[in-house]
Each structure stands twice: as C-alpha cells, then as structure tokens.
Amino acid sequence: MSNQLPNRYFRFKSIRDPLYGFIDISEIETKLIDTSSFRRLQNIKQLSHAYVVYPSAIHTRFEHSLGALHIANRLITELDFDDTSKEIIRIGMLLHDIGHGPFSHLFEHILGKINNNRKNIHEEISRGIIKNDPEINTILGDKVDPVIKLLEHNPVTGWDPSTSSLAADVISSGLDADKLDYLRRDSYHIGVAYGQFDLERIIHMIRSTSNVEKHICIEDKGKDAIENYRLGRYLMHAQVYAHHSRIVADQMFLKALDLAVNEENIINPEQLKYDPTSSNEEFFKFYNSLDDRSIYDLIINTKPNSKAASILQNIKKRKLLKRVYESQPDKDISDAVIRQRIMKMKKEDLERISGEIADDGGLGHHEVIAYMATIPINLYDGEILVLSKGIAKTLDELSPIKASESTIIKFYIFGPDDPVLKEKIKTSASVRFQIPV
C-alpha cells in the first residue's frame, strides 16, 4: 500500500458533533461504526451513574469514541504521520473502547473477579472483539494485526519503532486523544466548566521527542495550556467523578451485580469467563447482549423479588444509601496508627468490615457500604513530557504547581436513611474501624 491515500479518503462521510462541528470518517470507519458491536456503545454511558447527580450526564461511549477519533486525527496530522499509519491509528482510536461492558469501568469489577483478578480486562476484550468479531474482522482484513499491536503498545510489523511508540502514545499516554476528548465532552454534557482547557493551544504545541523510541510531548511554550488541562482533570475528579452520590449509586450497582452473579443465580459466572487464547464465541454472544439497560432488565425481570433487583429499583427511584460517615483520614483522624490502617485497607477489607457493621445493626450486607475514594492530585496517568530547549523533561520538573501528595483519599460509610439505623452504624463503625464518629 502506498503511504499516500486518495484525497478526501478520510472524509467519506461527516458526522455532526456538538464539540467539534463535524467529524470526518472514512468508508472503512463508516462500516465499523455500523457493526452491532460498535453500535452497542450507544447504550453504554460514559459516566456510569453520574446522571443521579447531573441529569444530562447520559452521553455514551459511542460519541466519545467518535470524538477521540477526531482528536487523534488532529494530533497525528500535527505530528506528520503518513497516511498508511494514520489510517491504523484512527481505527485503533475508534475501537479503543469497544470492549467496555455495562456502565463502562464498573463492569470490570465483576469481570476481574471472575477472571483471576485481571486488571483492565476491557482492553483485552476490545482486542478480542477486533480479532474475532466476524463483521469487524471482515471489514478490517489485513489491518486487524497492526490495530491490535498498536492497542497493545507493541511494535507494528513493518513500522519504524519510533512510529509505533509515538502512535501508541496518541491512543494511550499522559497526553492522549482519549483524555483530551472525554474531559471536554464530560464537562460539556454535565454543564460545568471544570473540564474546559485550551485544546487548540495544546494541539498547536504538540511535538515528539527525538529519541529512537519517540513519545508525545508538548513544546515548552505550550506548558501553561497543559497546566490548565491537568487542573481541569483534577477538578473533574473532585467535583464530578468522585461525587459522593455518584459513588454510592455505582457501589449499589456493584452490590446488585455481585449478588446476581454469586448468590442469587441470576447471571451464570461461566458466561463471563474470558479466555484470550480462544475465539470466545459463547462469551461474546452473551457479552454483546449486555449494556446499561439490558443488565438492569436482566436482573430485575429474572428475579423481581431478589435483593439485586431491589437495589437496582432503588437506584432507578434515586433511593440511594446516605452518608453516615465521611472523613479525609490524613486530616481528620489524629491517631496515626488508625489513620494508616484505614488508608491502607483493600476493597475486600472494607467489604468484610462493612458486613460486620451490617450484622451489628441487623441489616443486610448490601445496606452498608464502606468505600475509599481516591482523587489524583498529580492529575494525569503517566508522565506528561515537555520539550524544553530540545530536551524532554517531565512537566513536574518545570511546573510551578506542586502537590505534597499524589492523591487525596476520602473514606465513606453509607447506610439507610433512618436516624436509628444511622446511629447503630456509627456505633458499630467506631468499634470496627476504631474511629471517632
């Protein structure tokens, strides 16, 4: 294949978008968008249960994937990729979220438990869909392998190593098209200004390092726009992603899902076992039927009187568990031993103790939830590189914004909205967690 594709190749069709005006897509991308696996993303919310706080937060992985494709195209145009690699990067960006389950990252909790605690399993599933889905496989043909290699951050056969590493950074890095789209898109749909930043300045200042293995970076003159970007990311975490009502709705959903799979025989865990070495025909048949609405319907309609169904009905009615206790341990708990013990607790420790508290109060285990919310202060995943006088440095080396810690940790206990039960939970929590309440 020539490195230069025909004029207007990437403008076979255009899709109207509220952030970018029009998003241009190629003929192959049009076909991919129309596959059943990709269309499923129209029914998976970008921000899971954030709509219980922000009613307009009902935008989906579908539109985010299109937006990420648009931003990726702008980045790779600025970085001067040839058309052949540009096509693969665009397809990889378009399909990067195709493996998400209901309510996005939430479903990974149950998938991880069933599949030997594998992290980021939706990324494995995305690659599995690209490789094994008959529709997608037929459309992509010999492009399947380079797209998968790119999503794995592995060298693409036939590409220069520097091209592979830089292309992978466009899709997943401290400064990738995914984050640049979702921050602005989430902010837009929720109706807040926290996630707004100077996108045009960032794109204009995008560069690559000069190493053999190239990585994405920002010109020194553009670092102020990056400060704006990462501050916006922190504020979105603090005010939106870690909002206590969103947290408890998400945790109630996970309780319902856990009951449906492990206690109430509503969902067979065998149906959610994923083997990356096989074609997983039965897995994908079931998985592709799951989205935000269908998982609720499956649980509620299969056993309407189950605990799992009752929890989901309460979420639908916005009858959420309430905050019984909230603290920022490093500031609110003076006893250093207790403080460190709480901050180091794992999810299973919190589940065990919250179950004991529920028993003390004569409540169901699903009626008491202890949760640790982690809000990043460093404001990004991975390093953001700044090109200063031709030398790549980390943003933190040059930034006037310093944080003494990498995260803020908030500790919550949620329970029923009943004064008597709240007091029982507080009394038990003070014993079980050894904290003043």
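**View 1. Phe103 in the loop between helix 4 and helix 5 of a predicted model****.**
Phe103 sits in the loop that joins helix 4 to helix 5, the latter spanning residues 107–114. Its phi is positive, about 55°, although Phe103 is not a glycine. The relative accessible area of Phe103 is 2%. Buried means under 20%, so this loop residue counts as buried.

**View 2. Asn117 in the loop between helix 5 and helix 6****.**
Asn117 belongs to the loop that runs from helix 5 to helix 6 (121–132). Here, too, phi is positive in a residue other than glycine: for Asn117 the value is near 60°. Is Asn117 buried or exposed? With a relative accessible area of 60%, Asn117 is exposed. The cut-off for exposed is over 50%. Phe103, by contrast, is buried.

**View 3. Asp83 in helix 4****.**
Helix 4 covers residues 83–94, and Asp83 lies in it. Asp83 is buried but has no salt bridge. Which side chain of opposite charge is nearest to Asp83? That side chain is Lys86, 4.7 Å away. A salt bridge needs a side-chain nitrogen of Lys or Arg within 4 Å of a carboxyl oxygen, so the pair does not qualify. Asp83 does have a polar partner in the backbone. Its side chain reaches the backbone nitrogen of Leu5 at 3.1 Å.

**View 4. Arg90 in helix 4****.**
Helix 4 also holds Arg90. Arg90 has 2% relative accessibility and so counts as buried. A polar atom of the Arg90 side chain lies 2.9 Å from the backbone oxygen of Asp24. What else does Arg90 touch, leaving aside neighbours within four places in sequence? Besides Asp24, the contacts are Phe10, Ile25, Ser26, Glu29, Leu69, Asn73 and Ile76. For both helix 4 residues shown, the side chain pairs with a backbone atom: the nitrogen of Leu5 for Asp83, and the oxygen of Asp24 for Arg90.

**View 5. The whole protein chain, for orientation****.**
The chain has 21 helices and 9 strands. Its radius of gyration is 23 Å, close to the 22 Å from the globule rule for 437 residues, so the chain is as compact as a globular protein of that length. Along the principal axes, the C-alpha atoms fill a box of roughly 70 × 50 × 35 Å. Of the 437 residues, 54% count as buried. Among contacts with a separation of 6 or more, 71% link residues 24 or more positions apart. The chain exposes about 19,700 Å², and carbon and sulfur atoms supply 47% of that area.

Methods:
Residues are numbered from 1 along each chain as its sequence is written. This is a predicted model: local features need pLDDT of at least 70, side-chain atom pairs count only at pLDDT 80 or more; totals for chains, interfaces and linings use all residues. Side-chain values use heavy atoms; hydrogens and water are left out. Helices (H or I, at least four residues) and strands (E, at least two) are DSSP runs, numbered from the N terminus. Buried means under 20% relative accessible area, exposed over 50%, partly exposed in between (1.4 Å probe, protein chains only). Lys and Arg count as positive and Asp and Glu as negative; His and the chain ends are not counted. A polar contact is a pair of N or O atoms within 3.5 Å; within protein, one must be able to donate a hydrogen and the other to accept it, and residues adjacent in sequence count only if both atoms are side-chain atoms. The radius of gyration is taken over C-alpha atoms; the globule rule is 2.2 Å times the number of residues to the power 0.38. Contact means heavy atoms within 4.5 Å. Accessible areas come from the Shrake-Rupley method with a 1.4 Å probe; for residues, only the protein chains shown count as cover.
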